Amino acid sequence: MLGRWWEAELGKEQMSENRSATQPAGAGTFSAADIKRRMADREAAKAAEELRHMQDQEEKQKAVMAEFYKPPERTAEQLLELVMQLVNRAAERGQSEVQVYRFPNSLCTDRGRRINNSEPEWEKTLEGRPKLGYEFWHDHLRPLGFGLKAEVLEYPGGKPGDIGFFLTWK
């Protein structure tokens, strides 16, 4: 009984193959080596695509990092005006702090370790624009009574990630 069912199923499959479009030359014959080669080719193409993607991401990251080392394009007065707008909106919502800056931990010489552990002199680890941001707070906002808090915003893989500056008041 099972043998007849098997034969019937194979017969159906063969009939449907005969009715399908013509196959390319050599498609009827194949070997394990051919399959392994095709699989290896597919894996190599996938690896090459992943490498291209990683290189593109690296180039984009380098461009972003270069921006963090460029001098700011706004004057101190323009920055002060923008910060005051942020502060006013936050204060109207009843908040006593507002995030004013976010940057990658790679702009700290210790990758944010001192900030993460609330250690003194964390500001000495800052580089590029984050350092300029700290100096702007120190020179322009601190005299007005504003505090500055730095904290790690995320922990990818359990390690400190991006860092945020928060302007505080009470």
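User: Helices (H or I, at least four residues) and strands (E, at least two) are DSSP runs, numbered from the N terminus. How many of each does the chain have?

Analyst: The chain has five helices and three strands. From the N terminus on, their order is α-α-α-β-α-α-β-β. This is a predicted model, in which local features need pLDDT of at least 70 and side-chain atom pairs count only at pLDDT 80 or more, while totals for chains, interfaces and linings use all residues. Residues are numbered from 1 along each chain as its sequence is written, and side-chain values use heavy atoms, with hydrogens and water left out.

User: In what order do the strands sit in the sheet?

Analyst: The order is β1-β3-β2, in an open sheet with antiparallel pairing; two strands pair if DSSP finds at least two bridges between them. Because β1 (97-103) and β2 (147-152) each have a single partner strand, they stand at the edges, and one side of each lacks a neighbour in the sheet. On average, neighbouring strands are turned by 25 degrees against each other, direction ignored. Axes here are lines fitted to C-alpha atoms, for helices over the stretch in contact, and angles run from 0 to 180 degrees between N-to-C directions.

User: And how many bridges join β2 and β3?

Analyst: Six bridges link β2 with β3 (residues 163-168). Across this pairing L148 stands opposite L167, and G147 has T168 as its bridge partner. β1 and β3 are likewise joined by six bridges and run antiparallel; there, R102 is partnered with G164.

User: Is β3 mostly covered or uncovered?

Analyst: β3 is mostly covered, with five of its six residues buried. Buried means under 20% relative accessible area, exposed over 50%, and partly exposed in between (1.4 Å probe, protein chains only). For the 170 residues of the chain, the buried share is 21%.

User: Which strands does α5 lie across?

Analyst: Helix α5 (residues 128-141) lies across β1, β2 and β3, and runs at about 10 degrees to β3.

User: How do α3 and α5 cross?

Analyst: Their axes come within 12 Å and cross at roughly 85 degrees. The two helices are therefore roughly perpendicular: angles under 35 degrees count as roughly parallel, over 145 as roughly antiparallel, 65 to 115 as roughly perpendicular and the rest as oblique. In this crossing, A76, L79, L80, V83 and M84 of α3 meet F136, H140 and L141 of α5, where contact means heavy atoms within 4.5 Å.

User: Changing topic, which residues touch the most other members of the largest nonpolar core?

Analyst: I115, W122, L126 and L167 do, in a core of 22 residues. Such a core is a set of buried Ala, Val, Leu, Ile, Met, Phe, Trp, Tyr and Cys residues joined through side-chain atoms within 4.5 Å. Two or more residues each come from α3, β1, α5, β2 and β3, and α5 gives the largest share, four residues.

User: What is I115 in contact with, leaving aside neighbours within four places in sequence?

Analyst: I115 is in contact with C108, W122, L126, A150, E151, V152 and I163.
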